[in-house]
Amino acid sequence: MTEHWWQAPCRALDERARQAALERDAQLTKPSGALGRIEALVPQLAALRGNERPSVDPVWITIFAGDHGVAAEGISAFPQSVTGQMLGNFVNGGAAISVLARQLGATLEVVDLGTASPVGPFPGVRHLVLGAGTANFAKEPAMSMDICLQALHAGRDSVLRAQAGQAALFIGGEMGIGNTTTAAALACAVLGCDPRYLAGPGTGLDAAGVVHKCAVIERALALHAGNHDTLDWMQRLGGFELAALTGAYLACAQQGIVVLVDGFICSVAALCAVRLNPACRDWLLFAHRSAEPGHLAVLEALDARPLLDLGLRLGEGSGAALAVPLLRLACALHEQMATFAEAAVAGQGV
């Protein structure tokens, strides 16, 4: 394992491709700005893909799964056994992300990083198993630094497989009962925020449950208080799947694969990635604003403007998958619309 691989330079953007895309857009048969934010997507994608007429295909989706010891504090409406059970549902085609991947023609990979209850092996699941989930971070560090680095590397390995599959767009998803608590705790630590502003209902907690979740996070922040960097906080408060997502986003930026970031949990991983290597921010597109209340603060910290706002809170990468057709249509408009000259339409005053 290469030490500090995540600090290596990220792929440079192709500004000539961006400019060429902007020049083509100015010639298309529409008033300038008439397609709103859609028009800004293609020049950005052009710079990332190195092509004035970019594409976001093929699409690669990796779901990282792992359990969380903090679930012992009663912070979830569902039992931890659900995490392992969902692994089979993913590869058997019954989960939401499974349906979406089929509809998109995307590759779907499932990586088991460690569940509380032994499962499988399930055909089609990569069982890495870094442990039986993390430890309860309200009482001790979630994981050792060595395990944290292994989880980061698991994300990088997934991206290298995506690169071998010629992927143009990477979507990371997650599965792990308790991971909204983990994400909220990690974001609170990194941003210096009060848990009351970032903790939400997750999979369905009532108001009393959210208050309890905040109290657990406050206790954990007090336990681990100190002048820690992002990697330290991830080791103390993070989850296997959050660390893997962080590693995946960093590797995508280094390998030149566009990232479409899902909701709250994935955005917290993106925040950690940007703190570890700020240059990776250029490679991150944000799919949607989650219904989870803490997502807005994380998006603001990343200066991110998501494409959709549909009240989603499923996870699995589902919100990002739903945004893929929007990117595809943006690229199709740019590629297939006629220019004023081609259509013999006067450009002035249109």
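The following questions and answers examine how terms are applied to this predicted model.

Residues are numbered from 1 along each chain as its sequence is written. In this predicted model, local features need pLDDT of at least 70 and side-chain atom pairs count only at pLDDT 80 or more, while totals for chains, interfaces and linings use all residues; side-chain values use heavy atoms, with hydrogens and water left out.

Q: Why is serine 267 called buried?
A: Buried means under 20% relative accessible area, exposed means over 50%, and partly exposed lies in between, with a 1.4 Å probe and protein chains only. Serine 267 has 0% relative accessibility, so it counts as buried. Serine 267 is found in helix 11; helices (H or I, at least four residues) and strands (E, at least two) are DSSP runs, numbered from the N terminus.

Q: What does serine 267 touch, not counting residues up to four places away in sequence?
A: Contact means heavy atoms within 4.5 Å. With that exclusion, serine 267 touches Val261, Asp262, Phe286, His295, Val298, Leu299 and Leu302.

Q: What makes alanine 151 a buried residue, and what does it touch?
A: Alanine 151, which lies in helix 5, has 0% relative accessibility and therefore counts as buried. Leaving aside residues up to four places away in sequence, alanine 151 touches Leu130, Phe240, Ala243 and Ala244.

Q: Why is helix 9 described as largely enclosed by the rest of the structure?
A: Helix 9 covers residues 230–237, and 6 of its 8 residues are buried, so the description applies. The buried residues are Thr230, Leu231, Trp233, Met234, Gln235 and Leu237. These buried residues pack against helix 5 (145–164), helix 6 (179–191), helix 8 (207–223), helix 10 (240–255) and helix 11 (264–276).

Q: What makes aspartate 229 a cap of the N-terminal end of helix 9?
A: A polar contact is a pair of N or O atoms within 3.5 Å; within protein, one must be able to donate a hydrogen and the other to accept it, and residues adjacent in sequence count only if both atoms are side-chain atoms. A side-chain oxygen of aspartate 229 lies 3.3 Å from the backbone nitrogen of leucine 231.

Q: How do you know that aspartate 303 and glutamate 316 belong to opposite classes, buried or exposed?
A: Aspartate 303 has a relative accessible area of 68% and is therefore exposed. Glutamate 316, at 6% relative accessibility, counts as buried. Aspartate 303 is found in the loop between helix 12 (295–301) and helix 13 (318–336), and glutamate 316 is placed in the loop between helix 12 and helix 13.

Q: Why is the phi of aspartate 303 and of glutamate 316 worth noting?
A: Most residues other than glycine have a negative phi, and most peptide bonds are trans. Phi is positive in both residues: near 50 degrees for aspartate 303 and near 70 degrees for glutamate 316.

Q: Which peptide bonds to proline 58 and proline 121 are called cis, and where do these prolines lie?
A: The bond from aspartate 57 to proline 58 is cis, with omega near 0 degrees, and proline 58 lies in the loop between helix 2 (38–49) and strand 1 (59–65). The bond from glycine 120 to proline 121 is cis as well, with omega near 5 degrees; proline 121 is in the loop between strand 2 (107–112) and strand 3 (125–127).

Q: How do you know that strand 1 and strand 2 pair?
A: Two strands pair if DSSP finds at least two bridges between them. Strand 1 and strand 2 pair in the parallel sense over 6 bridges, and isoleucine 61 stands opposite leucine 108 in strand 2.

Q: How many bridges join strand 2 to strand 3?
A: These parallel strands are joined by 3 bridges. Valine 111 has arginine 126, in strand 3, as its bridge partner.

Q: What makes a space a cavity, and how many of 30 Å³ or more are found?
A: On a 1 Å grid over the protein atoms alone, a cavity is a set of points where a 1.4 Å probe fits but cannot get out, and a pocket is an open set with protein on both sides within 12 Å along at least five of seven lines; lining residues have an atom within 4 Å of a point. A search of the whole structure finds 1 cavity of 30 Å³ or more. Helix 2 and helix 13 each supply at least two residues of the lining of the largest cavity.

Note on methods:
Points joined across faces, edges and corners; volume = space filled by probe spheres on them.
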